[in-house]
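Let's take a relaxed walk through one protein model. Have the picture open while you read, and find each spot as it comes up.

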Amino acid sequence: MENNRNFFITIALSVLILVLWQVFYMNPRIEAQREAARIEAEQQEQAQPTATPQPGQQTAAGNADLPGGEAPSGGVPGAGGAVAAGSSRADALAASGRVAIDTPRISGSLSLTGARIDDLILKDYRTTVERNSPNIELLNPASMADGYYAEVGYIGNESVGSLPGPDTVWTVEGQPTLTPEAPVTLTYTNDRGLTFARTIAVDNNYLFTVSDTVTNESGDAVSLSNYGRVARIGTPKTAGFFILHEGLIGVTGEEGLQEIKYSNLVDDRQIVPGKSQDGWLGITDKYWAVAMVPSGAQPFQPRYAYFDDGRIRFQADYLTDPLVVQPGQSQTVETLVFAGAKETGLIDAYEEDRQIRQFDLLIDWGWFYFITKPMFYLIDWLFRVLGNFGLAILATTVIVKAIFFPLANKSYKSMANMKKMQPKMLEIREKYADDRMKQQQAMMELYKTEKINPIAGCWPVLIQIPVFFALYKVLYVTIEMRHAPFFGWIRDLSAPDPTSVFNLFGLLPYDVPSFLMIGVWPLIMGVTMFLQMRMNPTPPDPTQAMIFNWMPVVFTFMLATFPAGLVIYWAWNNTLSIIQQGVIMKRQGAKIELWDNLMGLFRKKPSQPAE
């Protein structure tokens, strides 16, 4: 039957999507987990024999890391310290003088050695949905195995003397605690009469402003370049999912957006785009990021680099063109540092208020951002109205169905007409059983006469696919969905349904393998899909009938690993589609096959007569 053929075209498309998901998601994810375990083991082996650096000895995070390669003679000192690599967080923090950070949303401290932002805890976010779980530790001192920090400094020739760098010990003036109301001022004077006054301010969210005023009292004009870097020790664990970028990122120069995976940078060692007058660069995780916005006063050279000389390190950095400071004069350089959660509204506000070029691309909206981002705004607005992201997803489904109602309505009408024309189609097939060409010509004439579109049945699924992926992207990449509860047992819409039918949804005292985690919502989705398929006649072909019967089961197992919010969307969308299709078929006078198909499952098939 022609409508069955169309129906199986849609099934084939859906299966293709799931196969691609398996190939590009599950397999890379497994490989990424194996690679992360291997790298972690290597790092542990490297950390064990590391000794405390001796005076004058360059450490792993030394001059070679700085933008421009090796430090010039008489330039920036190394990043030495008294703490061995791989030390505990407490020991690492105690190894240098610190300025406390205390804002409504972050806590931590600045290291007076290097004036690094290297200790940052996010007050609003925890590692799990449990209320007593630890807060997210975003930044860590370089001496830790997972060191992660942002640093601003200077490079110059021998005539300028020692410049602020990784080992510079700054002096605090006045206020010893950094708050939104009270910036902190650090000072450093070198041996050639250059004085650096660094004022560090922070807003109520995640943006630091580093303002350096360089005063030249040396008697001669000096030339120095400002650098900034976001550095990360070791290779962090990533989701390994092809729809999400985690790694080094930036928007600079004519190249625009640069997204560089850790594995690619390991192979390339360093990537150097063209010079830029504006933009930003840094390192991004799924939900968090650290990015630097250089001053627009001087052109700068961005760079993305990988180092493995003792410790594995990834770095996004920049080096400005030389800045000339005349005798008795001062120059001020301002650098912005973002370190925090990638909240959509906040990122957009920073882009607009601070004029940061395409800063919204810090969130990976993907190629179809023109669908994904508006869908997020819709869901977020509905959340503010309804107070629950799950209800917002349900309401979004209704709105999407309403938008595409005319097209879906036309499609279902065409399917209903196809059902009504089945006797004529069978008659044509029987009449021209031996002549395929005349059979096709007669079919096309019938379609034309009755105004039937034979591929109309595909449109409801084809329309749903981009919406499905857009919603998947929103659920997967936006931090607003992280740990967002629905009702009952769904405490995180961005995670799979945590229950399983194989232990009676937790009533039996044992855990089940991940591939058997078939929760309540995947079962609901499977039942609604089963009912929707039963709205159509059972195919006469045994192979097609088997696919017809088993497809909901396959989808149930596959979608059980998807975020619960997506499964809820699919189940609700199926329910609305069943209602919509039933109403339209009834209005068109077409028979609804649902009840007959359900009863047919329980009828005893007649036995074949013995020969």
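What follows is a look at one strand and two charged residues in this predicted model.

**A covered strand**

Start with strand β15, which spans residues 279-284. How many of its residues are buried? Six of its six residues are, so to put it plainly, the strand is mostly covered, given that buried means under 20% relative accessible area. The cover is on both faces: G279, L281 and I283 are buried on one side, while W280, G282 and T284 are buried on the other.

Now for the strands that pair with β15. Strand β12 (residues 247-252) is joined to β15 by six bridges, and the two run antiparallel. If you want a spot to zoom in on, look for I249, which stands opposite G282 in β15. Strand β16 (residues 288-293) also runs antiparallel to β15, with four bridges joining the pair. Here, I283 has V290 of β16 as its bridge partner. To get from β15 to β16, the chain goes through a hairpin of three residues.

**Two buried charged residues**

Next, jump to R105. Where does R105 sit? You'll find R105 in the loop between β1 (98-102) and β2 (106-111). Is R105 buried or exposed? Its relative accessible area is 14%, and the cut-off for buried is under 20%, so R105 counts as buried. Setting aside neighbours within four places in sequence, R105 is in contact with several residues, including I121, L122, Y125, N204, Y206 and L346. Its side chain also makes polar contacts with the side chains of D124 and E343.

Then there's D118, which belongs to strand β3 (residues 116-126). D118 is buried as well, because its relative accessible area is 3%. Which residue's side chain makes a polar contact with the side chain of D118? That's R98, at 2.8 Å. Among the other contacts of D118, again leaving out neighbours within four places in sequence, are S109, S111, L139, P141, Y148 and Y149. N140 is on that contact list too. D118 and N140 are 22 residues apart along the chain, yet 5.0 Å separates their C-alpha atoms.

Here are the side-chain polar contacts side by side:

| Side chain | Partner side chain | Distance |
|---|---|---|
| R105 | D124 | 2.6 Å |
| R105 | E343 | 2.5 Å |
| D118 | R98 | 2.8 Å |

Definitions and conventions
Residues are numbered from 1 along each chain as its sequence is written. This is a predicted model: local features need pLDDT of at least 70, side-chain atom pairs count only at pLDDT 80 or more; totals for chains, interfaces and linings use all residues. Side-chain values use heavy atoms; hydrogens and water are left out. Buried means under 20% relative accessible area, exposed over 50%, partly exposed in between (1.4 Å probe, protein chains only). Two strands pair if DSSP finds at least two bridges between them. A polar contact is a pair of N or O atoms within 3.5 Å; within protein, one must be able to donate a hydrogen and the other to accept it, and residues adjacent in sequence count only if both atoms are side-chain atoms. Contact means heavy atoms within 4.5 Å.
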